[in-house]
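Biologist: Hi! Could you pull up the model so we can talk through the ligands together?
Modeller: Sure, here it comes.

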Amino acid sequence: NSEELKLLKDHIESFPDFPSPGILFRDIFSVFRNQSASQALHSLLKSYALSLKGQIDVVFAIESRGFLFGPYIGQVLGIPFVPIRKKGKLPGVVERLEYGLEYGTDCIEVQEDGGKVGQKALIVDDLIATGGSLTASCQLLKTLGVEVVECFVIMELADLNGRQKVPSKVVSLLQF
Ligand code: PRP
Ligand code: HPA
């Protein structure tokens with residue numbers, strides 16, 4: 001497990017000044033270029049998912065990189081996966097949340113039949129930075145009446161303390 005974590009961390013490429021000056025961008029996609037790092041990630045995801053067996057009814061993930069992991073975790077647990085997407089991408093009846101950013105606003109949506117009142121939910125993403133995306137997702141899922149018992153990310157930018165903002169437990173595989 002600690003060997004798998006090391007292998008995974010060693011294969012996450014970092015790009016200085018992307019997408020803007022001063023940002024050190026951690027690229028999850030670089031993991032999938034390497035067979036053993038990919039296998040390590042899937043093994044870690046499987047162990048994590050199995051540790052939740054019986055505690056979760058539905059897995060949500062955040063567009064777009066959360067979609068790389070949410071369906072797999074749902075499959076390991078034998079429960080549904082449901083996407084949270086940017087405005088205007090999802091068909092059918094949706095719940096919508098508009099939330100404030102440093103400059104302007106953003107808007108996310110989920111299909112209203114994606115979760116039932118009282119169900120226990122996990123939210124998955126590749127990374128937590130400021131925690132804005134996970135916080136907004138928790139708020140959005142409240143409108144469905146589901147209970148977010150945990151949020152899971154592969155990478156946590158620990159200096160930004162995003163987990164403090166999120167109104168639910170946050171679990172990360174790697175900290176930077
Ligand atoms: C990135 C990342 C997380 C979010 C983390 O997604 O994949 O979803 O930002 O930042 P936060 O904790 O400050 O909210 P991005 O908005 O770049 O969308 P994308 O995955 O569709 O490229
Ligand atoms: N990597 C990927 N997504 C991000 C990052 C990062 O370093 N920071 C904010 N969103």
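What follows is a chat about the surroundings of the two ligands in this predicted model.

Biologist: Let's start with ligand 1. Which residues come nearest?
Modeller: There are 13 residues around ligand 1, and those that come nearest are Asp125, Asp126, Thr130, Gly131 and Ser133.

Biologist: Which elements supply at least two residues each of that shell?
Modeller: Strand β7, residues 120-128, and helix α4, residues 132-142. β7 gives the largest share, with 4 residues.

Biologist: And how does the shell around ligand 1 divide into nonpolar, polar and charged?
Modeller: You get 5 charged, 5 polar and 3 nonpolar residues.

Biologist: OK, polar contacts next. How far is the side chain of Asp126 from an oxygen atom of ligand 1?
Modeller: An N or O atom in the Asp126 side chain is 2.6 Å from a ligand 1 oxygen. For Thr130, a polar side-chain atom is 2.5 Å from an oxygen of ligand 1. Gly132 takes part through its backbone, where a polar atom is 3.5 Å from a ligand 1 oxygen.

Biologist: Nice. What percentage of the accessible area of ligand 1 does the protein cover?
Modeller: On its own, ligand 1 has 500 Å² of accessible area, and the protein covers 71% of that.

Biologist: Where does ligand 1 sit?
Modeller: In the largest pocket.

Biologist: Switching to ligand 2. Where does that one sit?
Modeller: Ligand 2 also sits in the largest pocket.

Biologist: Which residues are around ligand 2?
Modeller: Leu24, Phe25, Arg26, Arg65, Leu127, Ala129 and Leu157. Strand β2, which covers residues 24-27, contributes the largest share of this shell, 3 residues.

Biologist: How many of those in the shell around ligand 2 are charged?
Modeller: The shell has 2 charged residues, along with 5 nonpolar and no polar ones.

Biologist: What about polar contacts there? Start with Arg26: which atom of ligand 2 does the backbone of Arg26 lie 2.8 Å from?
Modeller: A nitrogen atom of ligand 2; the partner is a backbone N or O atom of Arg26. Arg65 uses its side chain instead, with an N or O atom 3.1 Å from a ligand 2 nitrogen. Then there is Leu24, where a backbone N or O atom lies 3.5 Å from an oxygen of ligand 2.

Biologist: And how much of ligand 2 does the protein cover?
Modeller: The protein covers 78% of the 260 Å² of accessible area that ligand 2 has by itself.

Methods
Residues are numbered from 1 along each chain as its sequence is written. Chains are lettered from A and ligands numbered from 1 in the order in which they are written. This is a predicted model: local features need pLDDT of at least 70, side-chain atom pairs count only at pLDDT 80 or more; totals for chains, interfaces and linings use all residues. Side-chain values use heavy atoms; hydrogens and water are left out. A residue is near a molecule or strand if one of its heavy atoms lies within 4 Å of it. A polar contact is a pair of N or O atoms within 3.5 Å; within protein, one must be able to donate a hydrogen and the other to accept it, and residues adjacent in sequence count only if both atoms are side-chain atoms. Accessible areas come from the Shrake-Rupley method with a 1.4 Å probe; for residues, only the protein chains shown count as cover. On a 1 Å grid over the protein atoms alone, a cavity is a set of points where a 1.4 Å probe fits but cannot get out, and a pocket is an open set with protein on both sides within 12 Å along at least five of seven lines; lining residues have an atom within 4 Å of a point. A molecule sits in a cavity or pocket if more than half of its atoms lie within 2 Å of its grid points. Ala, Val, Leu, Ile, Met, Phe, Trp, Tyr, Cys and Pro count as nonpolar, Asp, Glu, Lys and Arg as charged, and the others, Gly among them, as polar.
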